[in-house]
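Trainee: Before we look at the model, I should like to learn how its features are to be read. May we take them one at a time?

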Amino acid sequence: IPYLLSFFFAELADSFGKVNMISLGLITASIGLFTIASVPSISANFYIAALGLGVILAMLRPASNGLITDITPLAKDGEMTGIYKMVFTTGGFVSAIAFGILSDAFGLSFPFLVLAVLLFVMALLTYSIKRKIIVNT
């Protein structure tokens, strides 16, 4: 479902603004992670919240891909897209390990809360620097 919605979110990011879409996605992802952290045990509510988080993250991917393409000079477009994909993949690997360590040390809800706070801070930073982003046209 999230993959199919990414086409809709790509069009929305083009009309609403990629930085605005990223900020909105980070804030809603933060709220979704707080929701997941508040579920007392892994149940149907947990899976519903996780599916909602997947939809929210589908909102972020087309906007961030488009923003990388927009701010990169055409001659370095492939190089920067490759670097972005490498960083994204490495972040997924490292965060899975960190999530497991934090879960073992502090309980299952703690990593969700930490990530929710980090995403909220990132949303505020993204929104605050949006006028400083230079888009190549």
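**Reading the helices and their contacts**

Mentor: Let us begin with one residue: Ser 23 is placed in helix H2, which covers residues 18-38. Helices (H or I, at least four residues) and strands (E, at least two) are DSSP runs, numbered from the N terminus. The model is predicted, so local features need pLDDT of at least 70 and side-chain atom pairs count only at pLDDT 80 or more, whereas totals for chains, interfaces and linings use all residues. Residues are numbered from 1 along each chain as its sequence is written, and side-chain values use heavy atoms, with hydrogens and water left out.

Trainee: How many helices and strands does the protein contain?

Mentor: The protein has five helices and zero strands. Read from the N terminus, the order of its elements is α-α-α-α-α. The C-alpha trace spans about 50 × 30 × 25 Å along its principal axes.

Trainee: Is Ser 23 buried or exposed?

Mentor: The label depends on relative accessible area: buried is under 20%, exposed is over 50%, and partly exposed lies in between (1.4 Å probe, protein chains only). Ser 23 has a value of 4% and is therefore buried. For the whole protein, buried residues make up 28% of the 137 residues.

Trainee: Which residues does Ser 23 touch?

Mentor: Contact means heavy atoms within 4.5 Å. Leaving aside residues up to four places away in sequence, Ser 23 touches Ala 123, Thr 126 and Tyr 127. Of the contacts in the protein with a separation of 6 or more, 75% join residues 24 or more positions apart.

Trainee: How should I read the crossing of helices H4 and H5?

Mentor: Axes are lines fitted to C-alpha atoms, for helices over the stretch in contact, and angles run from 0 to 180 degrees between N-to-C directions. The axes of H4 (residues 77-106) and H5 (residues 109-128) come within 7 Å and cross at roughly 125 degrees. H4 is therefore oblique to H5; angles under 35 degrees count as roughly parallel, over 145 as roughly antiparallel, 65 to 115 as roughly perpendicular and the rest as oblique.

Trainee: Which residues meet where H4 and H5 are in contact?

Mentor: From H4, Phe 99, Leu 102, Ser 103 and Phe 106 meet Phe 110, Pro 111 and Phe 112 of H5. This contact comprises six nonpolar residues, one polar and no charged. In this scheme Ala, Val, Leu, Ile, Met, Phe, Trp, Tyr, Cys and Pro are nonpolar, Asp, Glu, Lys and Arg are charged, and the others, Gly among them, are polar.

Trainee: How do the axes of H3 and H4 cross?

Mentor: H3 (residues 44-71) and H4 have axes that come within 9 Å and cross at roughly 145 degrees. Arg 61, Ser 64, Asn 65, Ile 68 and Thr 69 in H3 meet Asp 77, Met 80, Tyr 84, Lys 85 and Phe 88 in H4. By class, the H3 contact with H4 has four nonpolar, three polar and three charged residues.

Trainee: Where do Met 80 and Thr 90 stand in exposure?

Mentor: Met 80, in helix H4, is partly exposed at a relative accessible area of 32%. Not counting residues up to four places away in sequence, Met 80 touches Ile 68 and Thr 72. Its C-alpha atom is separated by 11 Å from that of Asp 70, 10 residues apart along the chain. Thr 90 also lies in helix H4 and counts as partly exposed at 42% relative accessibility.
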